[in-house]
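User: Hi, I'm new to this one. Can you walk me through it?
Analyst: Sure. Here it is.
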Amino acid sequence: MQVKAYGAQSGDHPLEPMRIQRRDVGAHDVRIDIAYCGICHSDLHQARGEWPGTHYPCVPGHEIVGKVAAVGAHVSGLRPGDLVGVGCIVDSCQHCVDCEAGLENYCDGMIGTYNFPTADAPGWTLGGYSQQLVVHQRYVLRIRHPEPQLAAVAPLLCAGITTYSPLRHWNAGPGKKVGIVGIGGLGHMGIKLAHAMGAHVVAFTTSEGKREAARALGADATVLSSDPAQMAAHAGSFDLIVNTVAAPHDLDAFLALLKRDGALTLVGAPATAHPSPNVFNLIMKRRTLAGSMIGGILETQEMLDFCAEHNIVSDIELIAADQINNAFERMLKGDVKYRFVIDTTTL
Ligand code: NAP
Ligand code: ZN
């Protein structure tokens, strides 16, 4: 079946309308009418070829929400009309230690929602800036938020799980001091989630104008990361800092803020490397410098249910498809509060 989509024909061309093919619904497949798709900074990195290996045409989008349109003969527990989501994963090997642990995100055979190899035309996956998606039921998430919140749920499928997973893994909660660096799509979700988990939350930003908003999102304090005096006031005090920044920068400034055994976890994935941190900033206090990638399907469902229970959604700007290129430019300037979401009826 042909559907409308928006994608890039090359790294130096803006995204444009196009038609793409979706496969027939197989026995274990679910066809989803996409209602909304969030715009992640990873979409920009890949559409513009900033990370190696983009296939063109590239249709980005891995913050997908909509309704089930049809299910295959062997699909159980999902019916047409159900509210569902698809995040960054549409396939994996399903039998390695990572898949068996529910951590498909770390499976060597993980297939991402776009730009990964597939038997479907054109040979690589095409994402959610499109009208429909056909996906194996294992990777379909249930949405329990009320339907009017659907557009604001979309960013949970990547920005939400990418911050939820490290917060859970490093035990954010009451009595823990947690920093979130960068108040963008991921960062603003990190603030909301860490706050809902009961941690003391400090937001680090380069944008003076976002500090008041960060308090409203749930931060107990804010720090202008370019001000050494404000940074020094927090030296040696954090259990965990989750860093979402999409550009290379000085990691030592944040390592110095960790307590003994504290962890600085990188989720931001800049196109070029950070300057190497000073090893003494790690060994002197047995600190950890770590990374984390999205989350498994089980944990993504847990995160969606946690958000439904705590009435957490993303703060979004809903846009029409013809504003996608402008949204990319504004995202680069940090000019978004805090996630663009495409209304896919405008494709
Ligand atoms: P975003 O909305 O653009 O937010 C990034 C934030 O980083 C900005 O709002 C800004 O916050 C801060 N920042 C500071 N200096 C910056 C600079 N020079 N350039 C850009 N940002 C700067 O991006 P996002 O969608 O949250 O994604 C953030 C990063 O995470 C991207 O690299 C993305 O590819 C990556 N990502 C990783 C995973 C994973 O699994 N690990 C998943 C999704 C996305 P302030 O204004 O507050 O300083
Ligand atoms: Zn993403």
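User: Start with residues 11–342. How far apart are the end C-alpha atoms?
Analyst: They lie 21 Å apart. The span is 24% helix and 25% strand. Keep in mind that this is a predicted model.
User: What does UniProt list for residues 11–342?
Analyst: An unreviewed UniProt entry gives that span as "domain: Enoyl reductase (ER)".
User: On to the ligand. How many residues surround ligand 1?
Analyst: There are 28 of them. The closest are Thr-205, Thr-206, Ser-207, Lys-210 and Arg-339.
User: What kinds of residues make up that shell around ligand 1?
Analyst: It splits into 13 nonpolar, 13 polar and two charged residues.
User: Any polar contacts you can point to?
Analyst: Here are a few. Ser-42 has a polar side-chain atom 2.8 Å from an oxygen atom of ligand 1. Gly-185 uses its backbone instead: an N or O atom there is 2.9 Å from a ligand 1 oxygen. For Leu-186, a backbone N or O atom sits 2.8 Å from an oxygen atom of ligand 1.
User: How much of ligand 1 does the protein cover?
Analyst: On its own, ligand 1 has 910 Å² of accessible area, and the protein covers 87% of that.
User: Which elements give two or more residues to the shell?
Analyst: Those are α1 (41–47) and α5 (185–196). The largest share, three residues, comes from α1.
User: And which domains does the shell draw on?
Analyst: Domain 1 (2–158 + 295–346) and domain 2 (160–291) each supply at least three residues.

Key
Residues numbered from 1 in each chain as written. Chains lettered and ligands numbered in written order. Predicted model: local features only at pLDDT ≥ 70, side-chain atom pairs only at ≥ 80, totals over all residues. Heavy atoms only, no water. Near = heavy atom within 4 Å. Polar contact = N/O pair within 3.5 Å; in protein donor to acceptor, adjacent residues only side chain to side chain. Areas by Shrake-Rupley, 256 points an atom, 1.4 Å probe, with all protein chains shown as cover. Helix = DSSP H or I, 4+ residues; strand = E, 2+ residues; numbered from the N terminus. Nonpolar A, V, L, I, M, F, W, Y, C, P; charged D, E, K, R; others polar. Domains from an automatic or database assignment. UniProt positions renumbered as here; feature names shortened; annotations may be inferred.
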